[in-house]
Amino acid sequence: MLGVRQLIILVDAMGGDNAPEALVNGCIDAVNEADGFDILLLGDSARINEILKERNYTGSRLKIHNTTEIINNDDVPLKAIKSKKDSSMVVGFKMLKEGKGDVFISAGNSGALLAGSTLILDRLPQVSRPAIAALVPTKKGTALIIDAGANTNCKPVNYLQFAIMGSIYIKELLGIEKPKIGLLNVGSEEIKGNANIKNAYALLSKANINFIGNVEGKDLPEGNVDVLVCDGFMGNVILKFYEGSADFFLSSLKNIFMSNVLTKAAALIIKKELKKLLKTLDEDSNGGAPILGVNGLVIKTHGNSNSKTVKNVVLKAKKLAQASFAEQIRTAFENLEDKESSNVK
């Protein structure tokens with residue numbers, strides 16, 4: 001898939017609240033930690049070079065492609081993609097499409113990132129709507145939310161597409177052979193939900209996936225499902241609730257253990273296990289969500305990503321770019337039964 005050349009990761013150095021410092025520093029940390037890839041930083045070359053100089057970086061694995069425009073968070077997504085041709089985001093999409101990179105990472109305007117993914121890269125055949133796939137921790141490991149924010153209103157067939165893409169992604173990333181797919185609903189019974197959800201249930205039941213039926217919100221943190229299928233509205237609400245709850249829990253835990261001498265001593269006793277828990281809940285370690293269903297590997301990271309987040313997203317991008325899950329997604333849709341294929345179109 002990648003030929004004989006070195007893997008190239010394209011990074012939008014100007015996207016996000018902490019750009020370009022967090023993006024450049026995270027990329028430096030990534031190349032210092034792992035081999036097997038080069039990074040092409042897209043953005044203001046003068047500002048990027050200043051940061052490289054501050055970090056005393058003199059290696060050859062970080063290269064720069066100068067761009068003159070930036071898509072900001074307050075830009076109208078589609079208008080920005082069409083008008084800001086020399087923005088770091090648009091240039092990144094074009095280079096990915098032209099095969100000049102294997103994966104594109106951005107912390108920029110989410111709407112513009114989605115618009116550019118479909119407008120410049122286009123959707124995979126038979127995929128009507130791309131989806132954001134976000135990982136969250138559970139009692140039993142890790143689970144996937146799809147869609148996590150791209151589509152607020154969905155048709156039944158969109159849930160089917162999300163399930164297929166999510167199943168392939170989680171299998172490739174985490175090695176789960178038969179991931180359990182659940183449809184988010186207000187109850188586990190088949191009769192629950194509105195007509196849209198009931199029709200989605202019927203499609204998922206017939207698909208060649210390990211569909212376990214309707215699940216409730218509590219089933220996600222319990223680890224009863226590997227892939228939670230839902231519309232982007234609910235998916236994003238759940239994702240943000242997860243993040244807020246983790247911050248609340250960690251802050252409360254810190255206050256408890258730092259309250260007196262005895263609790264501080266208790267913290268020292270369980271320090272090793274506590275570190276494991278903190279790592280599980282660490283948003284910086286679990287960042288980076290691919291946009292599935294487009295012709296190219298695009299990974300969105302939080303707009304407020306710091307250098308640690310960026311480093312981890314780059315390392316995740318390397319793993320995904322080396323895998324064949326994009327081709328597997330394409331093949332899965334090509335092999336859908338005639339009835340399902342006609343619905344997807």
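Buried means under 20% relative accessible area, exposed means over 50%, and partly exposed lies in between (1.4 Å probe, protein chains only). The structure is a predicted model, in which local features need pLDDT of at least 70, side-chain atom pairs count only at pLDDT 80 or more, and totals for chains, interfaces and linings use all residues. Residues are numbered from 1 along each chain as its sequence is written, and side-chain values use heavy atoms, with hydrogens and water left out.

The overall fold comes first. The protein has 14 helices and 11 strands. Helices (H or I, at least four residues) and strands (E, at least two) are DSSP runs, numbered from the N terminus. The C-alpha trace spans about 60 × 60 × 40 Å along its principal axes. The radius of gyration is 21 Å, which agrees with the value near 20 Å for a compact globule of 345 residues. This radius is taken over C-alpha atoms, and the globule rule is 2.2 Å times the number of residues to the power 0.38. Of the 345 residues, 50% count as buried. Among contacts (heavy atoms within 4.5 Å) between residues at least 6 apart in sequence, 71% join residues at least 24 apart.

Salt bridges were examined next. A salt bridge is a side-chain nitrogen of Lys or Arg within 4 Å of a carboxyl oxygen of Asp or Glu. Side chains of opposite charge can pair when their charged atoms come close. The whole structure holds 10 salt bridges. In one of these, Asp29 meets Arg55 at 2.8 Å, N to O. Asp29 lies in helix 1 (residues 21-33) and Arg55 in the loop between helix 2 (45-54) and strand 3 (62-66), so the pair ties together parts that are 26 residues apart in sequence. Asp29 counts as partly exposed because its relative accessibility is 24%. Arg55, at 32%, also counts as partly exposed.

Arg61 has two acidic partners described here. Its side chain meets that of Asp35 in a salt bridge at 3.4 Å, N to O. This pair links distant parts of the chain, 26 residues apart: Arg61 is in the loop between helix 2 and strand 3, and Asp35 is in the loop between helix 1 and strand 2 (37-43). Arg61 is buried at 16% relative accessibility, whereas Asp35 is exposed at 59%. The side chains of Arg61 and Asp38 also form a salt bridge, at 3.9 Å, N to O. Asp38 lies in strand 2, 23 residues from Arg61 in sequence. Both Arg61 and Asp38 are buried. Salt bridges that share partners join Asp35, Asp38, Arg61 and Lys63 into one network.

Asp231 gives another picture. This residue sits in the loop between strand 9 (227-229) and helix 9 (232-257). Asp231 is buried yet has no salt bridge. The nearest side chain of opposite charge, Arg129, is 9.1 Å away. Here Lys and Arg count as positive and Asp and Glu as negative, while His and the chain ends are not counted. The side chain of Asp231 does reach the backbone nitrogen of Phe233, at 2.9 Å. A polar atom of the same side chain lies 2.8 Å from the backbone nitrogen of Met234. Leaving out residues up to four places away in sequence, Asp231 touches Asp147, Asn151, Thr152, Cys154 and Tyr159.

Helix 5 covers residues 110-121. Its buried residues are Ala112, Leu113, Ala115, Gly116, Ser117, Ile120 and Leu121. Their cover includes helix 3 (77-83), helix 4 (88-97) and strand 4 (103-106). Asp122 follows the helix, with a positive phi near 75 degrees.

Definitions and conventions: The expected span of a helix is 1.5 Å times one less than its number of residues. A polar contact is a pair of N or O atoms within 3.5 Å; within protein, one must be able to donate a hydrogen and the other to accept it, and residues adjacent in sequence count only if both atoms are side-chain atoms.
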